[in-house]
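Visitor: I would like to go through this model and ask what stands behind each label. Could you set the values against the cut-offs for me?
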Amino acid sequence: MPLLTTTYCTLAELDRYLSANAVIDFADHDANGVADTDVVEDCINQATEEIDLYLRQRYTQAALATSTLVNRWCVVLSARFLCHRRGNPVPDSIERDYERIADPGEGLLVQVSEGRRQLPGIA
């Protein structure tokens with residue numbers, strides 16, 4: 001599936017967060033030594049849509065796309081989804097960041113969606 005029209009992170013940012021070799025390891029489903037673009041795009045799309053699920057109630061997609069914090073959250077969520085695609089264990093550091101961001105009870109996404117916190121720099 002191609003990338004959504006608006007996403008909150010890129011493959012290059014995911015490479016920088018995980019490392020290009022890790023992205024290849026997690027996304028090379030046909031074992032040709034290159035990350036399958038569709039696999040990575042699916043993970044970025046999923047992360048973007050999950051962020052939208054929480055934050056589009058309060059912010060426009062255009063405003064979210066300008067936030068460096070939302071960008072960082074999207075990278076972390078995408079990385080976690082990418083690790084899970086082939087049943088790989090998620091590194092502890094990514095799992096801790098994911099829980100802080102997306103915990104259903106007290107994660108930052110929930111806090112922002114409920115108005116208990118606001119995204120910095122976005123009206």
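Visitor: Why is Asp-97 called buried?

Guide: Buried means under 20% relative accessible area, exposed means over 50%, and partly exposed is in between, using a 1.4 Å probe and protein chains only. Asp-97 has a relative accessible area of 18%, so Asp-97 counts as buried. Please keep in mind that this is a predicted model, where local features need pLDDT of at least 70, side-chain atom pairs count only at pLDDT 80 or more, and totals for chains, interfaces and linings use all residues. Residues are numbered from 1 along each chain as its sequence is written, and side-chain values use heavy atoms, with hydrogens and water left out.

Visitor: What makes the pair of Arg-72 and Asp-97 a salt bridge?

Guide: A salt bridge is a side-chain nitrogen of Lys or Arg within 4 Å of a carboxyl oxygen of Asp or Glu. For Arg-72 and Asp-97 the N to O distance is 3.4 Å, so the pair qualifies. The pair links distant parts of the chain, with Arg-72 in helix α5 and Asp-97 in helix α6, 25 residues apart. Helices here are DSSP runs of H or I with at least four residues, strands are runs of E with at least two, and both are numbered from the N terminus. Unlike buried Asp-97, Arg-72 is partly exposed at 37%.

Visitor: How do you know that Glu-95 and Arg-80 form a salt bridge?

Guide: Their closest N and O atoms are 2.8 Å apart. This pair also joins distant parts of the chain: Glu-95 belongs to α6 and Arg-80 to α5, 15 residues apart. Glu-95, at 21% relative accessible area, is partly exposed, while Arg-80, at 15%, is buried.

Visitor: Why does Asp-52 with Arg-56 count as a salt bridge?

Guide: The closest N and O atoms of Asp-52 and Arg-56 are 3.9 Å apart, and the cut-off is met because that value is within 4 Å. Asp-52 is buried at 13%, and Arg-56 is partly exposed at 42%.

Visitor: How many salt bridges does the structure hold?

Guide: There are 6. Glu-106, Glu-114 and Arg-116 are linked in a network of salt bridges.

Visitor: What puts the buried residues of α6 on the same side?

Guide: In α6 (residues 92-102), the buried residues are Ile-94, Asp-97, Tyr-98, Ile-101 and Ala-102. They lie on the same side of α6 because they cover an arc of only 105° around the axis. The arc is that of the directions from the helix axis to the C-beta atoms. Asp-92 and Arg-96 are exposed on the other side of α6. The buried residues of α6 pack against α1 (11-18), α5 (68-85) and α7 (108-113), where contact means heavy atoms within 4.5 Å.

Visitor: Which residues of α1 are buried, and what puts them on the same side?

Guide: Glu-13, Leu-14 and Leu-18 are buried in α1. They cover an arc of only 120° around the axis, and therefore sit on the same side of α1. The partners of these buried residues are α2 (20-27), α3 (37-55), α5 and α6.

Visitor: Why are α1 and α5 called roughly perpendicular?

Guide: Their axes come within 10 Å and cross at roughly 70°. Angles under 35 degrees count as roughly parallel, over 145 as roughly antiparallel, 65 to 115 as roughly perpendicular and the rest as oblique, so α1 and α5 are roughly perpendicular to each other. Axes are lines fitted to C-alpha atoms, for helices over the stretch in contact, and angles run from 0 to 180 degrees between N-to-C directions.

Visitor: How do you know that Cys-9 is in no disulfide?

Guide: A disulfide is a pair of cysteine sulfur atoms within 2.5 Å. The cysteine sulfur nearest to Cys-9 is that of Cys-74, 3.5 Å away, so the cut-off is not met. A search of the whole structure finds 0 disulfides. Cys-9 is buried at 2%, and Cys-74 is buried at 0%.

Visitor: What makes Ser-19 partly exposed?

Guide: Its relative accessibility is 33%, so Ser-19 counts as partly exposed. Ser-19 lies in the loop between α1 and α2 and has a positive phi of about 105° although it is not a glycine.
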